[in-house]
Each structure stands twice: as structure tokens, then as C-alpha cells.
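Please look over the following model before reading on. The explanation moves from the overall fold to the interior and then to the surface.

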Amino acid sequence: MEDAMRLALQEARRAGRDVPVGAVVLDPPGQVVGAGRNERERTGDPTAHAEMVAIRQAAARLGEWRLTGCTLVVTLEPCTMCAGAAVLARLERIVYGAFDPKAGAAGSLWDVVRDRRLNHRPEVVAGVLAEECGALLTDFFTRRRD
């Protein structure tokens, strides 16, 4: 999963003025079928999180809203919106880098994706290249404050 996370990090570095979060969706054989980075500032769309962009692209490419067998790889733990979208898209697995104790919904603050009341619960793999993913965010916010 480290190779896929490096692809997500490349997406994050291209976020421009947006918070540098990147995501890729892998099909069951492991090929990238969707990629995205935060685009809220660029598009004015509050739902343009990296995960949402990548999930939309994967669904369009596969011609199917059910992303059964696919894996979402994202540099930051998904928020409630993105975690909910991953569940609704029937993703098999969510892999993330940095933990988000302020808004994370895959185990940190909330655990939307493993809520037993839901009909689908993706596997979660946390902390892949966490230091590198976290450093990208820390650098961004440090520069923003200066």
C-alpha cells in the first residue's frame, strides 16, 4: 500500500491553495481508477474533498456506483462525509496515512465506517506513511500562519 500512498501524496502536493490531501482509488487488481486532491478553494465546492473527487472519478471510469472490491487510499483520515461516501460506494477497504483527531471518521474522533448499524463496513488500514502524510499538512499550516 505504500506505493499507492505515494501516488496519493503526489496528488496532495498538487492541491495548490487547498489543504494538501490526496487520494486514489484502486480497482481489485490494484490499478488506479480514480485520483483526486482537495479542490474546495479552486472550485468553490464544499464537497470537493480528495476522497470525493477520487470516488467520483472511479465510479465514472468503471461505469458503476458500486465500487465493490476497490480500495480508497488517502493521505488523511476521512471526515464524516467522505467516510459515509466510502460506505455508500461499497468500497472494500480504506487505507489512510495521517490520523485526524479533530475530524477523523475512521477511528479517531468517530468511527463511521465500522458502525455495526450500517449494512456495509469497509476494512480500515491506518497509519500508512503517516509521518510523511502528516508532515505535508504540518508544513502547509505552518506556512499559512507565517
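What follows describes the chain, its core and its pocket in turn.

This is a predicted model, in which local features need pLDDT of at least 70 and side-chain atom pairs count only at pLDDT 80 or more, while totals for chains, interfaces and linings use all residues. Residues are numbered from 1 along each chain as its sequence is written, and side-chain values use heavy atoms, with hydrogens and water left out.

The chain holds 5 helices and 5 strands (DSSP runs, H or I of at least four residues for helices and E of at least two for strands, numbered from the N terminus), and along the sequence they follow the pattern α-β-β-α-α-β-α-β-β-α. Its C-alpha trace spans about 45 × 30 × 30 Å along the principal axes.

Buried residues (under 20% relative accessible area, with a 1.4 Å probe and protein chains only) make up 49% of the 146 residues. The largest nonpolar core, a set of buried Ala, Val, Leu, Ile, Met, Phe, Trp, Tyr and Cys residues joined through side-chain atoms within 4.5 Å, has 46 residues, and those with the most contacts inside it are Met5, Val25, Ile55 and Leu91. At least two residues of this core come from each of α1 (2-13), β1 (22-26), β2 (32-37), α3 (50-62), β3 (71-76), α4 (80-88), β4 (93-98) and α5. Leaving aside residues up to four places away in sequence, Val25 touches (heavy atoms within 4.5 Å) several residues, among them Val33, Ile55, Leu72 and Leu91.

How values were computed. Buried means under 20% relative accessible area, exposed over 50%, partly exposed in between (1.4 Å probe, protein chains only).
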